[in-house]
Amino acid sequence: MTDRPLKPGERKVWKHVAQTVSPRRRPKGKGSAKPLPTREDFANMLRIPAGETKSAKPIPKTLDVNQDKRVRRGRVEVDAKVDLHDMTQATARPALHKAIMRAANRNKSCLLVVTGKGLRGDGVLRRNFPDWIADPAIRPLIATYAPAHIKHGGSGAWYVFLKR
């Protein structure tokens, strides 16, 4: 930028701008009106709140150590898959229940449920999924569930591990 004298038209505009702008009281970051987000803030933004379960016996959300490692590494063997993408809540819930019962009757151990992410990672199907699998009608068939690995759909899918 060069330090040249302002022309009369530019000087008039500059005076108007200078009168309407006030200096920043505090610098950006700590202590400012809007501090910069921390790593914890980002982590909390990405977490999806766990829904309240209605059954007396909630589904355990923790996997045993070996199973947890396999899930995190994407080494889960998916026996069946149900895609709830583009369904309404009214059609997705019965489709999920039917798929879980069918997989259990066929002695499958892992069902991949694709819910989709929804807008900004907060889709209705994704949010309601924990409540739907806690339903007393299918609860006895399910051992546990976990978010899917990126190669199986990432945050838009779930693994449902069935009891044998």
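**View 1. Asparagine 107, an exposed residue in a loop.** At 62% relative accessibility, asparagine 107 clears the mark of over 50%, so this residue of the predicted model counts as exposed. Look for asparagine 107 in the loop that runs between H4 and S2. Its phi is positive, about 60°, even though asparagine 107 is not a glycine. As background, most residues other than glycine have a negative phi.

**View 2. Aspartate 86, in the loop between S1 and H4.** Here's another residue that isn't glycine but has a positive phi: for aspartate 86 the value is near 60°. The loop holding aspartate 86 connects strand S1 (80-83) with H4. Is aspartate 86 buried or exposed? With a relative accessibility of 79%, aspartate 86 counts as exposed.

**View 3. The open sheet and its four strands.** Go across the sheet and you meet the strands in the order S1-S2-S4-S3, with mixed pairing. S1 and S3 are the edge strands, each pairing on one side only. On average, neighbouring strands of this sheet are turned by 20° against each other, direction ignored. Zoom in on S1 and S2 and you'll find that they run parallel, joined by 4 bridges. One spot to look at is valine 82, whose bridge partner in S2 is valine 113. H5 packs on this sheet too, touching S2, S3 and S4. The direction of H5 makes about 170° with that of S3.

**View 4. Helix H5, mostly covered.** H5 spans residues 124-133, and 7 of its 10 residues are buried. Which residues of H5 are the buried ones? They are Leu125, Arg126, Asn128, Phe129, Pro130, Trp132 and Ile133. As for what covers them, the list includes helix H4 (89-105) along with strands S2 (110-114), S3 (142-147) and S4 (157-162).

**View 5. The largest nonpolar core, with 19 residues.** Leu96, Ile100, Val113, Phe129 and Val160 are the residues with the most contacts inside this core. Which elements give two or more residues to the core? H4, S2, H5, S3 and S4 do. H4 provides the largest share, 5 residues.

**View 6. Leucine 96 and its contacts.** Set aside the neighbours within four places in sequence, and leucine 96 is in contact with Leu84, Val113, Phe129, Trp132 and Ile133. Apart from the core of the previous view lies another one, of 10 residues. Val71, Val76, Ala157 and Phe161 are among the residues of that other core.

**View 7. Aromatic rings in pairs.** How many aromatic pairs turn up in a search of the whole structure? The search finds 4. In one ring pair, tyrosine 159 and phenylalanine 161 have their centres 6.1 Å apart. The planes of these two rings are at 40°, so the pair is tilted. Tyrosine 159 is buried, with a relative accessible area of 0%. Phenylalanine 161 is buried as well, at 8%. Elsewhere in the view, ring pairs link Phe129, Tyr145 and Trp158 into a cluster. Phe129 may ring a bell: this residue is one of the buried residues of H5, and it's also listed among those with the most contacts inside the largest nonpolar core.

Technical notes
Residues are numbered from 1 along each chain as its sequence is written. This is a predicted model: local features need pLDDT of at least 70, side-chain atom pairs count only at pLDDT 80 or more; totals for chains, interfaces and linings use all residues. Side-chain values use heavy atoms; hydrogens and water are left out. Buried means under 20% relative accessible area, exposed over 50%, partly exposed in between (1.4 Å probe, protein chains only). Contact means heavy atoms within 4.5 Å. A nonpolar core is a set of buried Ala, Val, Leu, Ile, Met, Phe, Trp, Tyr and Cys residues joined through side-chain atoms within 4.5 Å. Two strands pair if DSSP finds at least two bridges between them. Axes are lines fitted to C-alpha atoms, for helices over the stretch in contact, and angles run from 0 to 180 degrees between N-to-C directions. Rings of Phe, Tyr and Trp (its six-membered ring) pair if their centres lie within 6.5 Å; planes under 30 degrees apart count as stacked, over 60 as edge-to-face and the rest as tilted.
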